[in-house]
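This briefing is meant to be read slowly, with the sequence and the three-dimensional view side by side. Please look at the structure shown here before going on to the notes.

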Amino acid sequence: MMAGESLVDLRGVTKAFGGLVAVRNVTLLVQPGEIFSVIGPNGSGKSTLFNLISGVLPPSSGSIHLLGRETKGLGPHRVARLGVSRTFQTTQVFAEKTVLENVLAGRHLHVRTGLWSAQLRTRFFHAEEMRHRDRALEILHVVGLAARADQRAGEVPNALQGRVAIGMALANEPALLLLDEPTGGLMENEVLELMDLLRRIRDRGVTIMLIEHKMRLVRQVSDRIAVLNNGGMICEGKPDVVLNDERVVEAYLGTADAAAA
Amino acid sequence: MSPFLVQQIANGIMVGSIYALIAMGVAMIYGVMNVPDFALGAKAMLGGYVAFLLTATFHQSYGVALLGSLVAIGILGVGVERWIFRPLAGAPPINGFISSFGLLLIFENFALLAFGPSYRRILSPFDRDIVHVLGASLTMQRLLVVVVAIAVMIGLHLFIRFTTLGTAIRAVAQNRRGALLCGIHTERIAGVTMAIGSALAGVAGALIGPIAMVYPSMGENLIVKAFVITILGGMGSIVGAIVGGYLLGLIEALGAMYISVDYKDAFAFAVLVLVLTVRPQGLFGKGAR
Amino acid sequence: MRHLLPWLAGGLVALAVPFVVTNSYLFHLIIIAVIWSILATSLNLVLGFTGLLSLAHGAFFGLGAYTSALLVTKADWNFWATIPPAMAVAAAFGAVLGLLTLRLSGHYFAISTLSFGIVVSLVLEKWDDLTEGPRGISSIPAPSPINLFGWGEISLESNAAKYYLSLLTLALCLLFVWRLVRSPIGRAFEAIRQNELLASCLGVDLVFYKLLAFALSAAMAGLAGVLYGVYITYINPIDAGLWNGFYAVMYIVIGGVGTFAGPIVGTLFLVTLPELLRTFQDYRLLLLGVLLILTMTFLPQGIVGGLRTLRQRWVAR
């Protein structure tokens with residue numbers, strides 16, 4: 001990726017499922033180091049957009065460049081290899097494994113040992129395993145779950161499972177982190193904690209794209225916002241501008257009159 | 001057309017009828033209970049033995065034997081649903097699959113212990129008369145297989161289409177939770193479906209008995225082919241099962257004639273593996289599997 | 001280290017078997033059980049640790065057995081030299097199956113593997129010129145003696161020698177699986193088993209790892225087949241058929257899926273038990289079916305899994 005190039009470069013991206021157009025001609029750029037939020041009413045195509053960016057779904061048309069690389073046709077694991085990690089709207093963790101093991105799983109792309117060193121249990125193997133473990137614990141500290149490292153992920157309270165997922169995503173040392181509704185099921189104080197976490201992650205140099213519904217969080221934490229409605233992007237820019245935009249208000253509440261009423 | 005070709009085609013249709021009956025059973029049971037019943041072939045085998053007992057030991061007519069196998073295996077199906085599959089309702093479907101393996105072992109070895117390994121012949125009055133079609137000679141029994149199979153298919157279709165119970169079955173197959181919310185007694189429907197599916201298999205066994213004889217492991221080949229058919233035809237689809245059954249019967253018969261007798265069993269499986277590579281949901285299935 | 005105790009104890013008992021067991025039929029069953037434990041362990045690699053129900057492992061077992069037996073009887077190879085090609089052939093077929101079933105899961109996956117296995121065993125049965133067809137391959141010689149360079153040689157003619165060879169192989173395979181599972185590759189397998197989508201988004205190349213799991217597992221199954229051939233000295237298409245693979249699934253399930261001891265416990269238990277309960281010999285398979293259903297219904301984690309849960313509950317008190 002060259003200096004001045006956007007981290008995420010979507011141009012004219014469209015995704016259609018048969019007759020249903022989930023994402024319609026979306027063009028947006030995300031700069032390195034920003035927190036970029038994607039908002040919009042239910043069914044506006046936000047999660048589909050994330051699926052397109054992370055490689056889970058191929059676009060019907062348009063181009064997607066991540067970190068300077070065209071990602072058309074790459075599967076999710078190749079996109080992950082570029083340095084992109086994500087979480088899911090319904091939190092996905094490995095319930096039977098411990099929290100630490102979950103984050104360890106996220107280290108997959110940074111593993112340098114292979115079949116032979118695993119079988120021969122070389123010194124290198126042991127050193128690497130230790131290194132991964134230490135890194136995983138570090139990440140657990142960052143997300144605030146160090147105390148629960150040995151607890152089974154399925155038994156962790158729902159509100160904290162999202163953190164496990166974020167931990168897994170961070171384990172990949174990503175340049176871009178996609179978070180799909182990380183505040184789902186969280187209470188007020190937990191939301192504040194998450195905002196703090198997001199800022200800390202951003203300060204470590206990770207670019208964040210966020211799908212969110214909680215407007216206060218979005219306003220306070222985002223550098224820029226894009227608004228989707230019915231698959232198309234209706235507005236994009238700084239929070240104050242976007243959130244007061246007529247079209248955005250209308251999309252959420254019906255018409256400007258209804259909002260005033 | 002050469003008489004030999006007619007013979008092969010007729011054979012293919014007959015074998016196809018049997019495949020179709022069992023595949024229908026698999027499709028129905030899978031559609032409603034979401035479990036592939038690997039023991040259905042063994043149930044066909046038991047149906048054959050029931051028919052054998054009724055004709056050989058109890059000296060009943062073949063017609064009674066057919067009916068008896070239908071009823072007996074249907075009842076067996078109800079029991080299987082109640083005590084084997086119902087307790088597994090919440091578990092991952094693979095558990096039911098493995099349990100049906102266990103059932104297969106139980107049925108086969110029960111038959112082995114009860115009847116011994118020798119092949120048994122079911123005496124049917126239709127075995128003696130010969131019919132001439134387009135130059136080929138076919139026993140009436142073979143014709144009967146096709147006729148009964150088609151009669152059963154029509155009967156089942158009418159049942160599913162036009163009775164309340166049939167509609168309830170269709171509802172549960174489409175959306176179990178929705179059906180439950182509508183007040184349909186889903187467990188009872190599962191029992192009924194299992195009874196019907198098993199009865200289909202039982203009758204198939206009694207039909208093929210006079211031709212291919214009855215022996216404990218006769219269900220193995222049948223169930224594996226039935227699974228191939230239902231996967232190719234879409235696992236819950238009864239139409240797919242019927243079409244697939246006849247198609248497979250014909251492919252095997254014609255393949256044996258034109259390509260190789262030795263490998264005729266392999267066609268089905270080779271086709272399945274290749275199709276699934278390209279279309280993971282089968283030929284008529286919906287959505288990825 | 002405490003958890004190694006049962007293994008050490010089991011190992012010592014295993015070493016003592018030829019001296020302690022006087023009933024030659026029981027001894028025979030134990031040897032068979034050890035060989036089948038290798039097959040079960042190999043299947044556990046895909047089933048228990050990667051979450052794929054393969055019904056084709058009987059075919060890999062048979063491919064290994066036939067490759068080795070054919071090379072020794074028809075091409076005069078030294079037994080030991082046939083092991084790599086036998087494992088390679090099995091592994092190749094395993095990889096092919098992995099490729100063919102890539103996009104499948106659940107029942108479709110299982111039935112596809114079943115079909116593949118059937119095609120392979122059918123070909124082994126019908127290709128008369130190559131495999132002697134239904135007659136099978138007989139008079140398979142014992143492995144050539146191991147030369148100890150100055151210290152004499154170890155003959156492998158006796159049953160006891162074959163037993164120790166099989167036992168050693170089982171131990172090596174177990175070690176291999178253990179070290180594989182407790183490594184990043186094993187973590188990738190586990191991730192695939194629990195949640196393919198998540199694994200893929202974490203960077204796990206599903207294609208590569210599934211193929212790897214299949215190839216390794218098939219190679220090990222083939223190795224079990226090789227040992228089977230030299231022990232029984234006669235193999236036929238039925239041995240390459242599906243039932244070995246089916247039984248392996250059942251033994252694993254009853255013993256405990258996804259545990260290391262499970263496949264061994266299950267196999268040993270189910271193979272030798274009927275001999276110990278002599279009167280029930282005829283009912284052996286019937287009881288197996290019943291046990292299978294009972295396990296699936298009441299104890300899906302199997303014997304070893306159940307014991308483990310019991311121990312956890314005990315410790316948590």
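The notes below take up the confidence scores, then the two domains of chain A, and then one helix from chain A and one from chain C.

This is a predicted model, and its overall scores are an ipTM of 0.89 and a pTM of 0.87. Chain A is divided into two domains, and helix α7(A) is a good place to begin, since it contributes to the side of domain 1 of chain A that touches domain 2 of chain A.

**Confidence**

- For chain C the average pLDDT is 87, and 98% of the residues score at least 70.

**The two domains of chain A**

- Domain 1 of chain A is made of two stretches, 1-83 and 174-261, while domain 2 of chain A covers 96-172.
- Between the C-alpha centres of domain 1 of chain A and domain 2 of chain A there are 27 Å, and the contact takes 12 residues from domain 1 of chain A and nine residues from domain 2 of chain A.
- On the side of domain 1 of chain A that touches domain 2 of chain A, the elements giving two or more residues are α2 (76-82), β7 (176-180) and α7 (188-203) of chain A, and α7(A) gives the most, with three residues.
- The residues on that side of domain 1 of chain A divide into seven nonpolar, two polar and three charged.

**Helix α7 of chain A**

- With its 16 residues, α7(A) reaches 23 Å from its first C-alpha to its last, which is close to the 22 Å expected at 1.5 Å a residue.
- Leu194(A), Leu198(A) and Ile201(A) are buried in α7(A), and because the buried residues fall within an arc of 65° when seen down the axis of α7(A), they line one face of the helix.
- Among the elements that cover the buried residues of α7(A) are β3 (35-39), β7, β8 (207-211) and α8 (215-221) of chain A.
- Turned away from the buried side of α7(A) is a face that carries the exposed residues Glu188(A), Asn189(A), Asp196(A), Arg200(A) and Asp203(A).
- After α7(A) comes Gly205(A), which has a positive phi, near 100°.

**Helix α13 of chain C**

- The 15 residues of α13 (residues 284-298) of chain C should span 21 Å at 1.5 Å a residue, and the end C-alpha atoms of the helix are 21 Å apart, which agrees.
- Buried residues in α13(C) include Leu288(C), Gly289(C), Leu292(C), Ile293(C), Thr295(C) and Met296(C), and they lie on the same side of α13(C) because they cover an arc of only 160° around the axis.

Terms used: Residues are numbered from 1 along each chain as its sequence is written. Chains are lettered from A and ligands numbered from 1 in the order in which they are written. This is a predicted model: local features need pLDDT of at least 70, side-chain atom pairs count only at pLDDT 80 or more; totals for chains, interfaces and linings use all residues. Helices (H or I, at least four residues) and strands (E, at least two) are DSSP runs, numbered from the N terminus. The expected span of a helix is 1.5 Å times one less than its number of residues. A residue is buried if 20 or more other C-beta atoms lie within 10 Å of its own, exposed if 12 or fewer, and partly exposed in between; C-beta atoms are placed from the backbone. The arc is that of the directions from the helix axis to the C-beta atoms. pLDDT is the predictor's confidence in each residue, from 0 to 100. Domain bounds come from an automatic or database domain assignment. Two residues are in contact if their C-beta atoms, placed from the backbone, lie within 7 Å. Ala, Val, Leu, Ile, Met, Phe, Trp, Tyr, Cys and Pro count as nonpolar, Asp, Glu, Lys and Arg as charged, and the others, Gly among them, as polar.
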